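Visitor: Mind walking me through this one? I'd like to start with the strands and then wander.

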Amino acid sequence: MAYISLYRKYRPKKFSDVVGQDVVVKILRNSIIENKIGHAYIFAGPRGIGKTSIAKIFSKAVNCLNSIDGDLCGKCESCINDINNEIDIVEIDAASNNGVEEIREIRNNIKLMPTKLKYKVYIIDEVHMLSIGAFNALLKTLEEPQEFIVIILISSNENNILATVKSRCTKMYFHKLTDVSLKTFINEKFKKCSSY
């Protein structure tokens, strides 16, 4: 049996599994219900509070064929497929891919229609690590968005993102989990262990 780290084992798979980010989840679910998907988002907040997990859920939820109240149905092809093998959902780590060339490659690929899904989603993690040149290249993409593209910029240091980039995105602020949220989550997940 392969070892699975705790954060991967308990990583939320759909919006209803997310703990402590109720406002963000409600906004994202409502945008799916009302079919008002933005072309670019910034997920900002401290490390380790679910920004990337929610970005992955959102990228699948916007492509879900039978969405239930803005959440994944868990049955359609988009929901069942592993996100790491999905050609229309691209995750990039800006800490190691922070140059102009990487962003230009995205700009070239963004013009292409999604292969299988409704939306082609780009998740750019640690976006604050991009160089100024890369930010300027990204800005051109944000200024002329394609209707089938969703870009999610994830940052734990929003102050390092260019103001011109921020102004073209819908900003979502993530907060640290409260003690009550954590206790509730632990009690629900480990009910069986509480009797020991």
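Guide: Sure, a definition to begin with: two strands pair if DSSP finds at least two bridges between them. Helices (H or I, at least four residues) and strands (E, at least two) are DSSP runs, numbered from the N terminus. One caution is that this is a predicted model, where local features need pLDDT of at least 70, side-chain atom pairs count only at pLDDT 80 or more, and totals for chains, interfaces and linings use all residues. Residues are numbered from 1 along each chain as its sequence is written, and side-chain values use heavy atoms, with hydrogens and water left out.

Visitor: OK, so how many bridges join β1 and β5, and in what sense do they pair?

Guide: Four bridges, in the parallel sense. Within β5, Lys 171 is the residue opposite Ile 42.

Visitor: And what's the strand order in the sheet?

Guide: The order is β2-β3-β4-β1-β5, five strands in an open sheet with parallel pairing. At the edges stand β2 (89–93) and β5 (170–173), each with a single partner strand, so one side of each has no neighbour in the sheet. On average, neighbouring strands are turned by 15° against each other, direction ignored.

Visitor: Which strands does α2 touch?

Guide: α2 packs on the sheet against β1 and β5, and its direction makes about 145° with that of β5. Then there's α5, which packs on the sheet too and touches β2, β3 and β4; the angle between the directions of α5 and β3 is about 165°. Contact here means heavy atoms within 4.5 Å, while axes are lines fitted to C-alpha atoms, for helices over the stretch in contact, with angles from 0 to 180 degrees between N-to-C directions.

Visitor: Let's go inside. Which residues of the largest nonpolar core touch the most other members?

Guide: Phe 15, Leu 28, Phe 43, Phe 58 and Ile 152, out of 32 residues in that core. Two or more residues each come from α2 (22–33), β1, α3, β3 and β4 (149–155), and α3 gives the largest share, five residues. By nonpolar core I mean a set of buried Ala, Val, Leu, Ile, Met, Phe, Trp, Tyr and Cys residues joined through side-chain atoms within 4.5 Å. Buried is under 20% relative accessible area, exposed is over 50%, and partly exposed is in between (1.4 Å probe, protein chains only).

Visitor: What does Ile 152 touch, then?

Guide: Leaving out residues up to four places away in sequence, Ile 152 touches Tyr 41, Phe 43, Ala 55, Phe 58, Val 121, Tyr 122, Ile 123 and Ile 124.

Visitor: Tyr 41 and the Phes caught my eye. How many aromatic pairs are there?

Guide: Three in the whole structure. Rings of Phe, Tyr and Trp (its six-membered ring) pair if their centres lie within 6.5 Å; planes under 30 degrees apart count as stacked, over 60 as edge-to-face and the rest as tilted. Tyr 41 and Phe 43 are edge-to-face, 6.4 Å centre to centre with 65° between the planes.

Visitor: Why is the pair of Tyr 41 and Phe 58 called edge-to-face?

Guide: Because their planes are at 80°, with the ring centres 5.2 Å apart. That pair links distant parts of the chain, Tyr 41 in strand β1 and Phe 58 in helix α3, 17 residues apart.

Visitor: Are those two buried or exposed?

Guide: Buried: Tyr 41 has a relative accessible area of 3%, and Phe 58 is at 0%. Ring pairs link Tyr 41, Phe 43, Phe 58 and Phe 174 into a cluster.

Visitor: Switching to charges, how many salt bridges are there?

Guide: Seven. A salt bridge is a side-chain nitrogen of Lys or Arg within 4 Å of a carboxyl oxygen of Asp or Glu. One of them joins Arg 47 to Glu 126, with the closest N and O atoms 3.1 Å apart. Arg 47 sits in the loop between β1 (40–44) and α3 (51–61) and Glu 126 in the loop between β3 (120–125) and α6 (132–143), so the pair ties together parts 79 residues apart in sequence.

Visitor: How exposed are those two partners?

Guide: Arg 47 is exposed at 61% relative accessible area, whereas Glu 126 counts as buried at 16%.

Visitor: And where is the pair of Arg 104 and Glu 101?

Guide: Both lie in helix α5, three residues apart, about one turn of the helix. Their side chains meet in a salt bridge at 3.3 Å, N to O.

Visitor: Which residues form a salt-bridge network?

Guide: Glu 77, Glu 86 and Lys 116. Within it, Lys 116 and Glu 77 have their closest N and O atoms 3.9 Å apart.
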